[in-house]
Structures are given as C-alpha cells and as structure tokens.
Amino acid sequence: GGLTVSDQAAPAAMDAAFDAFKIVVEPGGAGALAAALTGQLDIDGKTVVVVASGGNVDPAVFTGALAA
C-alpha cells in the first residue's frame, strides 16, 4: 500500500519538523511525516517512527514552508 499527501501537507510537515525537532527536511522527505500528521495513518496509541530525509532544500522553499 501507499499514501499520497497534498501539496499543502508537505510544507506543514516541514514546519512541524523544524518547530518540534529543529530538523530541516525537503518537501519530498516530509511525506511520511505529513501522512502521520494529517491522520492518514492509524497511529493512535502506537509508537511511530518516521523517516524524514533530505536537508537539501532551497532556502526560499524552506522559508515559505515555515511561513505556511
């Protein structure tokens, strides 16, 4: 199985990753986190590991994600 996330969910996940963990991820690398944060995965009461990758993000894209 697989999931898709919206174009709005990825930047929101980038912002959440930076706010909560002080890590920088690129939009594609934030997909799994976005799926977890938007409720697309049943994670209630579960321990969850998300691979968030790709700190190679354009500064303007990252700044835009933080402002979203």
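What share of the contacts in the chain between residues at least 6 apart in sequence join residues at least 24 apart? I began my notes with this figure, and for the contacts so selected I found that 64% join residues at least 24 apart. I keep in mind throughout that I am reading a predicted model.

**Entry 1: the chain as a whole**

I looked up the secondary structure and found 3 helices and 0 strands, so that the pattern read along the sequence is α-α-α. I then turned to the overall dimensions, where the C-alpha trace spans about 35 × 20 × 20 Å along its principal axes. For 68 residues a compact globule would have a radius of gyration near 11 Å, and the 12 Å that I noted for the chain agrees with this. As for burial, I wrote down that 25% of the 68 residues count as buried.

**Entry 2: helix H1 against helix H3**

I next looked at how H1, residues 9-21, and H3, residues 59-67, are placed, and noted that their axes come within 8 Å and cross at roughly 85°. Angles of 65 to 115 degrees count as roughly perpendicular, and H1 and H3 are therefore roughly perpendicular to each other. On the H1 side I listed Pro11, Met14, Asp15 and Phe18 as making the contact, and on the H3 side Phe62, Ala65 and Leu66. Sorted by class, the contact of H1 with H3 has 6 nonpolar residues, no polar ones and 1 charged residue.

**Entry 3: the largest nonpolar core**

I asked myself which residues make up the largest nonpolar core. I counted 11 residues in all, namely Ala9, Ala13, Met14, Ala17, Val25, Ala30, Leu33, Ala34, Val57, Phe62 and Ala65. H1, H3 and helix H2, which runs over 31-37, each supply at least two residues of this core, and the largest share, 4 residues, comes from H1. I set beside this the general remark that nonpolar side chains tend to be buried together in soluble globular proteins.

**Entry 4: Ala17**

From the core I picked out Ala17, which is found in helix H1. Is Ala17 buried or exposed? I recorded a relative accessible area of 1% for Ala17, and because buried means under 20%, Ala17 is buried. Leaving aside its neighbours within four places in sequence, Ala17 is in contact with Lys22, Ile23, Val25 and Leu33. I also checked Ala17 against Ala52, which is 35 residues apart from Ala17 in sequence, and the C-alpha atoms of the two are 8.5 Å apart in space.

**Entry 5: the loop between H1 and H2**

I looked at two residues in this loop, beginning with Lys22, one of the contacts of Ala17 noted above. Lys22 has a positive phi of about 60° although it is not a glycine, and at 56% relative accessibility Lys22 counts as exposed.

Glu26 also lies in the loop between H1 and H2, and with a relative accessible area of 27% Glu26 is partly exposed. Which residues does Glu26 touch, not counting residues up to four places away in sequence? I listed Met14, Ser53, Gly54, Gly55, Asn56 and Val57, and I noticed that Met14 and Val57 both appear in the largest nonpolar core. Glu26 and Ala65 are 39 residues apart in sequence, and I noted a distance of 9.6 Å between their C-alpha atoms.

**Entry 6: Val48 and Gly64**

My last look was at two further residues, of which Val48 lies in the loop between H2 and H3. At 38% relative accessibility Val48 counts as partly exposed, and its C-alpha atom is separated by 16 Å from that of Gly29, with the two residues 19 apart along the chain.

Gly64 lies in helix H3 and is partly exposed, with a relative accessible area of 39%. How many residues apart in sequence are Gly64 and Gly28? I noted 36 residues for this pair, and a separation of 15 Å in space from C-alpha to C-alpha.

Technical notes. Residues are numbered from 1 along each chain as its sequence is written. This is a predicted model: local features need pLDDT of at least 70, side-chain atom pairs count only at pLDDT 80 or more; totals for chains, interfaces and linings use all residues. Side-chain values use heavy atoms; hydrogens and water are left out. Axes are lines fitted to C-alpha atoms, for helices over the stretch in contact, and angles run from 0 to 180 degrees between N-to-C directions. Angles under 35 degrees count as roughly parallel, over 145 as roughly antiparallel, 65 to 115 as roughly perpendicular and the rest as oblique. Contact means heavy atoms within 4.5 Å. Ala, Val, Leu, Ile, Met, Phe, Trp, Tyr, Cys and Pro count as nonpolar, Asp, Glu, Lys and Arg as charged, and the others, Gly among them, as polar. A nonpolar core is a set of buried Ala, Val, Leu, Ile, Met, Phe, Trp, Tyr and Cys residues joined through side-chain atoms within 4.5 Å. Buried means under 20% relative accessible area, exposed over 50%, partly exposed in between (1.4 Å probe, protein chains only). The radius of gyration is taken over C-alpha atoms; the globule rule is 2.2 Å times the number of residues to the power 0.38.
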